[in-house]
Amino acid sequence: MKRILLLVLLVTTIAQSQEKTFENEVQKISRKIDKITKQQKDSLKQKVKEINLDLEKNKITDTEAIKLKKEAATYHAAQIEKKASIQERNLQQLVQDKIDGKIMDASESDGFDLKLFNRTIFHINSDEDRVKKKRRDKRTTTQFVFALGVNNVLTNNSFSSLNDSDYKFWQSHFYELGFTWKTRISKEPSKTYFKYGLSFLWNNLRAENNQYHVVNGDETLLNVNTNNLSESRLRHVQMAFPMHLEFYFSKNKKYSDDKVVDRTHKSVRLGVGGFFGFKLGTRQYLEYKNAQGVSIEEVQKDGFNTNTINYGLSAYLAYKGCGLYVKYDLNPLFKNTDTRNISLGLRFDIN
């Protein structure tokens, strides 16, 4: 589009010493380009207005609204390029006709009025500036979260209990997938954000010493299996709603127009907070060979006396999109026990 405008401006300079008829033809083409641009921008504004109305009525989510606006902007930009290219070809042919002498002198020209083109360029630049300013002034952003690491339990809230844990430390893993929103606390640039979202967690515990979980009334015990277990894993899946205060240690950025904005995900950041949620399901996986040497895989689906509601503390220290992550359940994993789940690992926040 800018290439088209530069060509038009070049032609208008030539037109200052050319015939009035040539000037008029150039003006007609410029008006058509201006009309095309205005029509497409008006259509885009109307679509954005309709999307905002659907968002206010909760017909669509914030994520869907952003996607629809991007699609609309891309479509109308393509339409401007497509339709304006036709006028570009007309303009090129007009210049060629002038060179070939097909447009005859009519009268002296006082020069071509550039106001129309200046106005067009001003509108385009203004729109681009508005988009950039809106993006840099955005108060709420979204992130995709993925985390993984080792999973275990503490007894009586003591870290020393890890040394006597009945679960394998490096073989017990957790995984987390989620989506978060991050909102700046103040309207003006700052370095403090409130981060909240939705996550799904898969916590796995692999028992030591050929043990497996057995339900005995209101208790869940670890007993030694009579078979030689190659796999003994308890998996509990949770839906959680994490909430953190996120602090940034990167310097704010100052633009040429003296506008100051936050530079998130550019340096070190600290997140401190917690989560609450509920259990979606618990299963135990056992693998062994029976007396005949046949490989057996058992999947035991039961509550195993795990608590339905879970809540706890979590924190992360990250550089850009990657960081160290820890979360600790404040409520016991099993009912009538003082055993609590703890997870340590890596966290990835992808803008």
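Colleague: What counts as a pocket here, and what counts as a cavity?

Modeller: Both come from a 1 Å grid over the protein atoms alone. A cavity is a set of points where a 1.4 Å probe fits but cannot get out. A pocket is an open set with protein on both sides within 12 Å along at least five of seven lines, and lining residues have an atom within 4 Å of a point.

Colleague: OK, and what am I looking at?

Modeller: It's a predicted model, so local features need pLDDT of at least 70 and side-chain atom pairs count only at pLDDT 80 or more, while totals for chains, interfaces and linings use all residues. Residues are numbered from 1 along each chain as its sequence is written, and side-chain values use heavy atoms, with hydrogens and water left out.

Colleague: How much space lies in the second largest pocket?

Modeller: About 290 Å³. That volume is the space filled by probe spheres set on the grid points, which are joined across faces, edges and corners.

Colleague: Which residues lie nearest its centre?

Modeller: Asp 166, Tyr 167, Leu 222, Phe 334 and Thr 339, out of 14 lining residues.

Colleague: And which strand gives the largest share of that lining?

Modeller: β5, with 3 residues. Both β1 (140-155) and β5 (219-224) supply at least two residues each. Strands here are DSSP runs of E with at least two residues, numbered from the N terminus.

Colleague: How does that lining divide by residue class?

Modeller: Into 5 nonpolar, 7 polar and 2 charged. Nonpolar covers Ala, Val, Leu, Ile, Met, Phe, Trp, Tyr, Cys and Pro; charged covers Asp, Glu, Lys and Arg; the others, Gly among them, are polar.

Colleague: Tyr 167 caught my eye. What does Tyr 167 touch?

Modeller: Skipping neighbours within four places in sequence, the contacts (heavy atoms within 4.5 Å) of Tyr 167 include Val 153, Leu 205, Ala 207, His 213, Leu 222 and Phe 334. Tyr 167 also belongs to the largest nonpolar core, along with Val 153, Leu 205, Ala 207, Leu 234, Phe 304, Leu 333 and Phe 334, 8 residues in all. Apart from that core lies another one of 5 residues, among them Val 26, Ile 29, Ile 33 and Leu 94.

Colleague: What makes a set of residues a nonpolar core?

Modeller: They are buried Ala, Val, Leu, Ile, Met, Phe, Trp, Tyr and Cys residues joined through side-chain atoms within 4.5 Å. Buried means under 20% relative accessible area, exposed over 50%, and partly exposed in between, with a 1.4 Å probe and protein chains only. In soluble globular proteins, nonpolar side chains tend to be buried together.

Colleague: Switching to closed spaces: how many cavities of 30 Å³ or more are there?

Modeller: There are 2. The largest has about 70 Å³ of space, and its lining includes His 236, Gln 238, Lys 279, Asn 310 and Asp 329. β6 (231-248) and β11 are the elements that give two or more residues to this lining. By class, the lining has 3 nonpolar, 6 polar and 2 charged residues.

Colleague: And what lines the second largest cavity?

Modeller: Glu 176, Leu 201, Ala 240, Pro 242, Phe 275, Ser 314, Tyr 325 and Lys 327. That cavity has a volume of about 50 Å³, and its lining splits into 5 nonpolar, 1 polar and 2 charged residues.

Colleague: Back to Asn 310. Is Asn 310 buried or exposed?

Modeller: Asn 310 counts as buried because its relative accessibility is 2%. This residue is in strand β11 (residues 309-319).

Colleague: What does its side chain reach?

Modeller: The backbone nitrogen of Phe 278, at 3.2 Å. A polar contact of 3.3 Å also joins the side chains of Asn 310 and Gln 238. Polar contacts are pairs of N or O atoms within 3.5 Å; within protein, one must be able to donate a hydrogen and the other to accept it, and residues adjacent in sequence count only if both atoms are side-chain atoms.

Colleague: Which residues does Ile 350 touch?

Modeller: Thr 142, Gln 143 and Phe 144, not counting residues up to four places away in sequence. Ile 350 and Phe 144 are 206 residues apart in sequence, yet 5.1 Å apart in space, C-alpha to C-alpha. Ile 350 sits in strand β13 (residues 339-350).

Colleague: Last one: where is Asn 209?

Modeller: In the loop between β3 (192-206) and β4 (211-216). Asn 209 has a positive phi of about 55 degrees although it is not a glycine, and at 61% relative accessibility Asn 209 counts as exposed.

Terms used: Helices (H or I, at least four residues) and strands (E, at least two) are DSSP runs, numbered from the N terminus.
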